[in-house]
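Grab a pencil and work through a few short exercises. Each one comes with a solution you can follow step by step.

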Protein chains: 2
Amino acid sequence: MERSMITYRNLDACSSYKRLAGIPRVDVGAALSPEGCKRCAIAMPEGFTYSYAAAPVDEAILDALQALADEQQLVEKYVALASGAMMNTGEKRLVLHHLARGKLAGAVVSGGKDLRAFYEGERKRVAEFAAAVHSGAIVGSTGKPFAAAVQIGIGGSDLGPRASYIALERWAKAEKRQRMEARFISNVDPDDADSVLGGLDLETSLFILVSKSGTTQETLANETLVRNRLEAAGLDSSKHLVAVTSTTSPLAQNPGYIASFFIDDFIGGRYSTSSAVGGVVLSLAFGPETFAEFLEGAHAMDAAALEPSLRKNAVLLDAMIGLYERNVLGMPSTAVLPYAEGLARFPAHLQQLDMESNGKSVNRDGQPLAYSTGPVVFGEPGTNGQHSFYQLLHQGTDIVPLQFIGFAENQHSGDALSMGTSSRQKLAANLLAQIVAFARGKDDANPNKKFSGGRPSTLLFGTRLGPRQLGALFSHFENKVMFQGFAWNINSFDQEGVQLGKVLANKMLSIMQGEKTDDAVLAAMARLAGFLE
Amino acid sequence: MERSMITYRNLDACSSYKRLAGIPRVDVGAALSPEGCKRCAIAMPEGFTYSYAAAPVDEAILDALQALADEQQLVEKYVALASGAMMNTGEKRLVLHHLARGKLAGAVVSGGKDLRAFYEGERKRVAEFAAAVHSGAIVGSTGKPFAAAVQIGIGGSDLGPRASYIALERWAKAEKRQRMEARFISNVDPDDADSVLGGLDLETSLFILVSKSGTTQETLANETLVRNRLEAAGLDSSKHLVAVTSTTSPLAQNPGYIASFFIDDFIGGRYSTSSAVGGVVLSLAFGPETFAEFLEGAHAMDAAALEPSLRKNAVLLDAMIGLYERNVLGMPSTAVLPYAEGLARFPAHLQQLDMESNGKSVNRDGQPLAYSTGPVVFGEPGTNGQHSFYQLLHQGTDIVPLQFIGFAENQHSGDALSMGTSSRQKLAANLLAQIVAFARGKDDANPNKKFSGGRPSTLLFGTRLGPRQLGALFSHFENKVMFQGFAWNINSFDQEGVQLGKVLANKMLSIMQGEKTDDAVLAAMARLAGFLE
């Protein structure tokens, strides 16, 4: 690939985008053929295959999407990002979650600091700390070894790490990698902390306070609840907490914590599972070597995403198919449907990753956009979803594109035959059958039993869900969101939309504390809910 | 209200609907005023208030929505349904979940059977059974009392009961109502059952197999896994299982179960928490009196929903606002945002309830519709969601109407002050502030920090989440979905859209077992995923 100047332009200023709308649309049911199943499959790292046989594309549309990817310089922008370009334009920050997993380009130095060395150094500090906890060199305030790790964090400090822990628990059991239980406290609703604390032996619990700024309201409130409980149980809370924070936060080098592990402004919350935010809890729970494998799987996917041809680059193609569905076919939401109970909370992580990154109405320079950006993302594991919202997906008035995920093998061994097949076979049969059912539909004399079909999907299929595969999935969706953000010409790395609520909540708290306010509506709302006379 | 003939007509055949589109739209930010907060609030049973101060309606639109509710005879149709009219037109069945909670009309007799007496009789049998388990009169195969109840079911046999158990666990702890732990196995992925079984003492576990037909593939596969584990542990599995099923199913009166409790075809899966489907597990976990209170709360809401004026009938208004947002304002999805950790899985229940009921493209007589029906429904508890997908809700290119739920009090007592306020106050302050932020927005010289506002929401606010309040919430959303289904002239009570997938999955299983197939695409899919050479 020849090096070229990078140019930023809105999607609707691209000549290739204008051409795209004029290309005849594809009949999804017709594209799903035996030959198509073979042709429309891309081999990916860590044993994954990406199948787009049921996607709404043909060769002409693929050519046009390739032209758009080229015109918007998606891979070049990715290389620039990985090399340390200031891609978070709103906050004027680098975007370096890829660097936490491995080098895609040369060294990235900022403020005289080699950032790869910084991330790698923190990963080693975390690994040494986890080893010391596992060996009993670091113990609780009564001298007992720690048995449970409890993450206190919200948003990106919760969703990705929690989804990862749930995803690897069965695998770790089978592989004898589980070293500690992990639990998560996130909501400021005190019933959340109460529920988690009620099931714990505090004497053997190690809490991980995660807040980049060290000022997150919910996380600090939960820290207070936890410290109160620890002290009430006669424990020294400073011997039961560690912090994951930035070097300049009030939590850093603070005697209230056993240790502090550091993150920086160049890895956003929703991208931070690859940093100490995910590293501490996953290394404690499953061992540092497991977390290292997660990073290796993610890095392998990151490297594969550098390929310029979307016929060979699954994530680039996945991103472009999503854009085509959103902007040309006008579909406002996307369902993520993992046929893997371990991925039960992966859709909740993706909701943040995708909707917080690409739910934007202005371009990277702050100018209003005239086209749709990020869709609504939702999902639940299959086959559960089949007995729930799939009715609407099959026969509703709107078409929702679907992203299936599946595996060939169980995480743990306990399976059994019933009615002649294993549960694993039933799970896979349902997944594959749904793709066909959605795409092809079925005619019926009874209109109530008719399926119009034409409902597009893609499939990520892997061998078995372990740390490398999980890291690969994290990378896949991060890079999908990144490529789409580049195509839409937005900044996928800030989140100004959360600020107004914070400001008004603090105003509301002042009103509840009896302070006068000039905001009559806030006062009326507090009154309505019985928080004022 | 004068009795009138009931007529069924499509929404777009209603003169009141045609008028609705011509009424000027409301500026949501302007409608949210101190006076509006007071005026736009409806008192509901069980201490709830419904606030529509931030909804996109004014008096003119309310009048038009009332006219539409009247023209579509929503309350009359509800009365007919409760009286035993054959409202599930596709399957030719009555719709009687209301009757399981109390009488709204006269007796409902079908096939010579008084159905209220049947539901009430089963509730009493369940209560007696639960009392016998609690007293130790019924014990496991080794003579030990049961300590855990494990529901095996999928879809409606899982989502509503599971959401309910999670919702009441903290409350039960505080009120000393918890009698047994409960767990849930649903997915055919064997890692689901494995995960639940790994954390159980099988000797003291009682399994509840829930399948109306007694033939649900996933549930029977999980039963096999569970029986294998019980037998491997030297236990007599027939002394550790009960069944919830129909009187004609293979699970009824079967010596493989301690007992069978009965349901019928007139209460659909997604409406079945009020039947033995929810009754057995909730009565075992929290005592039969708690389940009775759940039913009382639901019945109180059912009764309030008979009021013909939508200015006094919160659920009727809620339904019509949702329809206005969907059909007039053209908004394709809705977020449900409970500011209550106990309601963590309530959105997953609502996803099934709403999307499976109203995700239809034909009317109750099977004719294709030319307007949108049920929206995509998704949600997560606040404040968690604020740190996740709210970015898109505030600043995305699409507007998503929001349904907030909140409470004034904690379920359990453990709260603490931090930064001068309790966690409860912070939770409520965030909820109320979000409503204001979404509606009014905020201008800013920096377009990246600008909030356009005009994003509508409604609020269900209660005192404290307990069984009556939970029953009330279940009823509210069931009746909302019912009223919308009547307005759209669809059958909200069948789910033909799930059938095709089942048929193709069974075909796929035959292929995996080596049978020849004429379906080359299914065979190609199986090959793609490595299930065939």
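**Exercise 1.** Work out the strand order of the six-stranded open sheet in chain B, and find its edge strands.

*Solution.* Start with the order, which reads β1-β2-β15-β12-β10-β11 in chain B, with mixed pairing. Keep in mind that this is a predicted model. Next, look for strands that pair on one side only: those are β1 (41-43) and β11 (376-378) of chain B. Ignoring direction, neighbouring strands here are turned by 15° against each other on average.

Now zoom in on one pair. Strand β2 (residues 49-51) and strand β15 (residues 457-462) of chain B run antiparallel and are joined by three bridges. In one of these, Y50(B) has L460(B) in β15(B) as its bridge partner. Finally, see what lies across the sheet: helix α15 (residues 423-440) of chain B crosses β12 (402-407) and β15 of chain B, and it runs at about 155° to β12(B).

**Exercise 2.** Do the same for the open sheet of five strands in chain B.

*Solution.* The order is β6-β5-β7-β8-β9 in chain B, and the pairing is parallel. At the edges you find β6 (181-185) and β9 (260-263) of chain B, each pairing on one side only. From one strand to the next, the twist averages 20°.

Take β5 (residues 148-152) of chain B: five bridges join this strand to β6(B), and the two run parallel. Along that pair, Q151(B) sits opposite F184(B) in β6(B). Helix α10 (residues 276-286) of chain B packs on this sheet and touches β5, β6, β7 (205-210), β8 (241-246) and β9 of chain B, its direction making about 140° with that of β9(B).

**Exercise 3.** How do the axes of helices α13 and α16 of chain A cross, and which residues meet?

*Solution.* First, the geometry: the axes of α13 (residues 346-358) and α16 (residues 467-488) of chain A come within 10 Å and cross at roughly 15°. An angle under 35 degrees counts as roughly parallel, so α13(A) is roughly parallel to α16(A). The crossing is right-handed.

Then the contacts: L350(A), L353(A), D354(A), S357(A) and N358(A) in α13(A) meet residues of α16(A), among them F477(A), V481(A) and W488(A). Sort the residues of this contact and you get five nonpolar, four polar and two charged.

**Exercise 4.** What rotation superposes chain A on chain B?

*Solution.* A rotation of 180° does it, with 0.0 Å of shift along its axis and an RMSD of 0.0 Å. The two copies are therefore related as by a two-fold rotation axis. Within chain A, F378(A) comes closest to that axis, with its C-alpha at 3.2 Å. Last step: 99% of chain A's interface residues are also interface residues in chain B, so the copies meet through the same surface.

Key: Residues numbered from 1 in each chain as written. Chains lettered and ligands numbered in written order. Predicted model: local features only at pLDDT ≥ 70, side-chain atom pairs only at ≥ 80, totals over all residues. Axes fitted to C-alpha atoms, helices over the stretch in contact; angles between N-to-C directions. Helix = DSSP H or I, 4+ residues; strand = E, 2+ residues; numbered from the N terminus. Parallel < 35°, antiparallel > 145°, perpendicular 65-115°, else oblique. Left-handed = near helix turned anticlockwise from the far one by under 90°. Contact = placed C-beta atoms within 7 Å. Nonpolar A, V, L, I, M, F, W, Y, C, P; charged D, E, K, R; others polar. Least-squares fit on C-alpha atoms with pLDDT ≥ 70 in both. Pairing = 2+ DSSP bridges.
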